[in-house]
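User: Could you walk me through this model with a few questions and answers? I would like to follow the reasoning each time.

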Amino acid sequence: MDKTNTIQFKKKPIAVLISLTLGFPIPIVTAQEIEEEVETLRLETITVEAQKRKQSMQTVPVSVSAFSGKQLNQAVIKDIFDVAGLVPASSAFQTQNVTNTSFSIRGIGTSSQNFGLDPSVGLYVDGIYRARQSSMVNNLVDIEAVEVLRGPQGTLFGKNTPSGAILIRTVAPSHQAGDNFIEGTIGNYGLVNYSAAASVSAIDNVLAFRLTGFGSQRDGFVSEVNTGDDVLNDRDRWGGRLQALYTPNDDVTLRIIADHAEINEICCAAPVQVSNAQAIGIEGKFGTDSLLSQAPFNATIFDGSDFFDYKVALSFLPESRVEDSGLSAQLDWDINNQFTLVSISAYRSFDSFDNIDSDFTDAHLFGTRNDSQQHSFSQEIRMDYTGDKVTAILGAYYFRQNLDLDYSLYTGEQFNDFFLTGFAQGAFNGLLAGIDALNSASNGLIAPSAPPAPAFSSFDHRAEQKHESYAIFGQIDYQLSDELTLTTGLRYTDESKDLSTIFSENLPDDAAFPSFFSSVGDPNSPASIVPGTLLYGAGLAGNVLTGIQAGTIDITTPSGQAALAALTPFQTLGWGFNPLGAITAGRSNISDTLNDDQITGTLKLSYTPNRDTLIYVSYGTGYKSGGTNTDRITEGFEPIFAAEKSRAFEIGIKKDFPEQDLRINAAVHTTNVDDIQANTFTGTGFNLQNAGDYKTSGLEVELTWLPTDTIEVGVVYARVNAEYDNFMRGNCWIAYTWHTGITDPGQESSDPNAPNPYCNRSGDRPTGEPEDYAMVKVKKDFTISDNIDAYLVAEYSYTGDVVLDGSNDPFAVQESYSLLNVRFFMNFAKYNMDLVFWGRNVLDEEYINHVNFNTPLQEGKFNAYISDPATFGVTLRKRF
């Protein structure tokens with residue numbers, strides 16, 4: 001850390017900030033006030049915009065972690081996943097493909113498996129809301145700062161921030177040299193990163209431009225056994241940004257940004273974690289892996305013990321493509337010394353395509369394809385006020401979004417065999433053979449049996465969602481005394497969503513989709529799948545067959561002809577699809593509307609007894625928008641789900657000890673979430689619903705200490721206690737029950753009005769969230785020569801055990817693990833150049849990346865997403 005770093009404080013210490021958030025950032029300390037007094041310290045001053053104005057992080061009554069562009073560059077932080085590893089109580093991970101990216105803060109996150117879901121963590125780049133979580137996946141290049149705000153941010157940042165927000169600011173154009181650069185990285189697995197940025201002053205102090213470009217390529221580290229190539233989890237990304245900064249006078253600033261980025265990757269590998277070839281606790285019980293290993297499938301089977309061999313077997317490689325583009329303009333007009341008008345306008349486009357082998361084997365069973373387009377326009381306009389004792393923000397916000405999704409589940413050439421021998425376990429072989437025998441004996445008078453689940457069938461739907469949202473917001477900071485500040489804020493949001501979904505079921509040769517079995521029994525009950533309605537229909541048909549063969553039914557008579565109707569379903573192409581569950585069930589189209597309005601707010605009291613201490617108490621609310629289910633769901637289930645609302649209480653302290661060169665920021669918090677939106681895969685579809693109530697509480701500590709002139713120590717710790725307070729209709733164990741015969745205890749206390757397979761998940765933990773996370777960083781500075789300064793950094797992190805599945809299946813637990821990252825940094829002052837040798841997970845720790853899932857239509861089997869192995873590289877950065 002540079003010894004010349006300084007911290008600036010206001011002459012009169014300003015005190016405790018209590019924010020009651022009305023929707024506008026109300027500044028408490030201006031940048032000019034911060035600079036009124038300078039005290040030379042080695043602790044770095046970090047400027048944040050957590051309240052939509054520039055403030056020292058130590059004066060903001062918000063639990064926030066911030067990283068400057070310099071810190072990101074020196075740590076070789078290249079994407080948001082790297083950032084999440086440095087922030088307490090936060091996580092970011094991918095599942096299935098780059099389109100399915102999830103973020104969580106303080107144990108509250110959102111699955112990205114349904115395009116109708118909005119995020120729990122608000123994502124903002126240069127003040128622009130990013131509606132699709134996957135738009136944050138690409139490389140972080142030419143960044144001024146990244147801020148992670150923990151706790152509801154519903155006042156200043158609006159909806160979809162019930163757990164927090166991530167703010168990214170890019171480097172703006174400038175008229176001075178010094179922030180231009182070119183950078184290159186090479187590493188193992190064929191990693192090549194390159195980036196550059198430069199500003200050009202077109203009219204001195206009036207008009208400047210900045211151009212930024214980057215690319216990233218890397219081989220995969222998971223091999224597909226049939227090709228023998230390490231292709232999965234590769235990296236192929238590029239993007240660019242063009243900016244203009246117009247400052248015609250001291251009072252007006254106009255910044256225009258155009259950006260475009262693309263991703264085209266083979267993602268994401270999910271090896272077998274638990275095989276169902278043979279039950280672990282039941283002798284003589286065999287599952288689909290045993291079947292698939294034999295003819296005609298001859299599939300490659302993994303037993304789970306080889307999970308970390310980084311190998312999978314697929315019938316085709318997954319595709320994952322993203323295009324993200326936008327154009328924005330921000331106008332800042334200083335009307336006078338007290339009032340500033342701010343306008344931010346933006347148009348964004350996000351297109352994604354993914355195609356995956358969703359049976360996760362090299363048998364040719366079935367795949368899924370998503371093709372989506374999202375277009376949005378947003379407008380924020382606000383007035384900022386700065387007075388002697390009061391700062392305030394008053395604003396309005398408009399957001400419009402169109403979301404179009406084309407989805408298809410399609411069968412492969414071996415799916416019919418799989419249905420008969422695997423899913424139905426041979427239950428219909430005798431019946432079908434009997435029908436075919438009758439066909440032969442009657443010389444074709446009686447039709448033959450038909451394939452129950454023919455190859456090259458598809459189950460498609462097109463979902464269109466139109467969304468409009470309006471909001472007005474305000475926030476006021478009132479300085480009660482030199483030590484006390486009260487912050488209040490409110491935001492009112494009104495929104496509407498219109499959903500139209502058209503479903504189609506397409507069989508080979510344009511055959512009609514059968515509907516017989518959906519009318520027998522209750523289609524909303526598991527009785528509608530094997531063994532149930534289908535076996536009931538087979539029983540009726542079997543009785544008819546027996547009667548014909550015994551001569552008791554004469555097919556030449558009217559009654560005999562009527563009896564033959566029992567055979568008709570099994571003589572109809574595709575008769576096996578409806579019983580497979582929602583993913584292949586025929587259903588009617590959906591046309592629905594959601595209208596909602598919400599009030600969110602905040603109240604904070606900040607106490608500053610001296611210029612080195614901030615103590616604050618805050619209460620805030622937030623919410624995540626309700627939505628419309630864009631998946632194929634069982635007929636009769638409600639496609640609309642309600643908004644998710646959070647209420648959070650927090651007590652925090654930010655304390656500098658200048659004489660000891662020590663900084664401690666800590667917070668304790670508790671959050672209650674009503675109607676939390678849960679989406680969990682059951683093996684035959686996603687169970688999306690308002691789960692009930694959810695609680696999370698915990699402690700966060702961030703410590704920085706400079707014990708000597710050349711040593712820096714950093715400590716991060718987070719404890720998060722998160723559980724469902726009330727969740728009566730959750731998912732049940734599937735794999736564990738299949739292997740052991742032990743019934744999920746939650747089934748006994750589930751909602752008596754809800755049919756199986758629901759289970760009571762009250763008191764259970766959420767997916768992918770550790771209770772404990774800690775990281776220790778030690779940095780040692782030294783001088784190599786007069787022109788070369790260097791330092792060595794080691795970061796050691798600990799992640800507690802993680803529940804990987806929403807049912808809390810006993811097989812779905814990732815044990816605690818630890819990671820070690822190291823860096824050796826050299827600065828060549830004479831050449832204005834940095835050289836960094838780096839390694840991540842250098843001990844090659846093996847762990848599951850947050851999520852596992854019940855393998856589709858293969859009961860008793862788990863697949864899981866694999867983490868990155870050890871990676872190493874060297875980065876060279878030249879500034880000019």
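User: Happy to start with a cysteine: is cysteine 759 buried or exposed?

Analyst: This is a predicted model, so the accessibility is computed from its atoms. Cysteine 759 has a relative accessibility of 0%. Buried means under 20% relative accessible area. Cysteine 759 therefore counts as buried.

User: Which residue does cysteine 759 pair with in a disulfide, and where do the two sit?

Analyst: The sulfur atom of cysteine 759 lies 1.8 Å from that of cysteine 732, and the two form a disulfide. The pair links distant parts of the chain, 27 residues apart. Cysteine 732 is in the loop between β36 (711–726) and α9 (735–740), and cysteine 759 is in the loop between α9 and β37 (772–785). Cysteine 732 also counts as buried, at 10% relative accessibility. The partner you asked for is cysteine 732.

User: Thanks! What is the handedness of the disulfide of cysteine 732 and cysteine 759?

Analyst: The place to look is the torsion about the S-S bond. For cysteine 732 and cysteine 759 that torsion is about 100°. The disulfide is therefore right-handed.

User: How many disulfides does the structure hold, and which pattern do they follow?

Analyst: There are two disulfides in the structure. Besides the pair just discussed, cysteine 267 is joined to cysteine 268, with an S to S distance of 1.8 Å. Counting bonded cysteines along the chain, the pattern is 1-2, 3-4.

User: And what about cysteine 267 and cysteine 268: what is the torsion about their S-S bond?

Analyst: Cysteine 267 and cysteine 268 are both buried. Their disulfide is right-handed, and this follows from the torsion about the S-S bond. Its value is about 60°.

User: How confident is the prediction, in terms of the mean pLDDT of the chain?

Analyst: Of the residues in the chain, 90% reach a pLDDT of 70 or more. Residues 1–40 have a pLDDT below 50, and beyond near neighbours in sequence this stretch has 191 contacts in the model. Residues 516–531 are also below 50, with 34 contacts beyond near neighbours in sequence. For the chain, the mean pLDDT is 87.

User: Let's turn to charges. Which arginine meets glutamate 49 in a salt bridge, and why does the pair tie together separate parts of the sequence?

Analyst: Glutamate 49 lies in the loop between β4 (47–48) and β5 (55–56), while its partner lies in strand β13 (residues 164–170), so the pair ties together parts that are 120 residues apart in sequence. Glutamate 49 is partly exposed at 22% relative accessibility, whereas the arginine is buried at 10%. The N to O distance is 3.6 Å, and the partner is arginine 169.

User: Which residues are joined with Glu49 and Arg169 into one network?

Analyst: A search of the whole structure finds 44 salt bridges. Some of them share partners, and such sharing places Glu49 and Arg169 in one network. The residues joined with them are Lys54, Glu144 and Glu147.

User: How far apart in sequence are the parts tied together by glutamate 650 and arginine 106?

Analyst: The closest N and O atoms of glutamate 650 and arginine 106 are 3.1 Å apart, which makes this a salt bridge. Both residues are buried. Glutamate 650 lies in strand β33 and arginine 106 in the loop between β8 (97–105) and β9 (108–109), so the parts they tie together are separated in sequence by 544 residues.

User: Which strands each supply at least two residues of the nonpolar patch?

Analyst: The patch is formed on the surface by Leu603, Val617, Tyr619, Phe649, Ile651, Val668 and Leu699, with about 520 Å² of accessible area together. Valine 617, for one, is found in strand β30 and is partly exposed, with a relative accessible area of 34%. The strands you asked for are β30 (613–624) and β33 (644–657).

User: One last question: how far is the C-alpha atom of glutamine 217 from that of proline 558?

Analyst: Glutamine 217 is found in strand β16 (residues 207–218) and counts as partly exposed at 27% relative accessibility. Among the residues that glutamine 217 touches are Tyr194 and Arg235. Proline 558 is 341 residues from glutamine 217 along the chain, and their C-alpha atoms are separated by 71 Å.

How values were computed: Residues are numbered from 1 along each chain as its sequence is written. This is a predicted model: local features need pLDDT of at least 70, side-chain atom pairs count only at pLDDT 80 or more; totals for chains, interfaces and linings use all residues. Side-chain values use heavy atoms; hydrogens and water are left out. A disulfide is a pair of cysteine sulfur atoms within 2.5 Å. Buried means under 20% relative accessible area, exposed over 50%, partly exposed in between (1.4 Å probe, protein chains only). Helices (H or I, at least four residues) and strands (E, at least two) are DSSP runs, numbered from the N terminus. pLDDT is the predictor's confidence in each residue, from 0 to 100. Contact means heavy atoms within 4.5 Å. Patches are made of residues with over 30% relative accessible area and no salt bridge: like charges are joined within 9 Å, nonpolar side chains (Val, Leu, Ile, Met, Phe, Trp, Tyr) within 5 Å. Accessible areas come from the Shrake-Rupley method with a 1.4 Å probe; for residues, only the protein chains shown count as cover. A salt bridge is a side-chain nitrogen of Lys or Arg within 4 Å of a carboxyl oxygen of Asp or Glu. Lists of a residue's contacts leave out its neighbours within four places in sequence.
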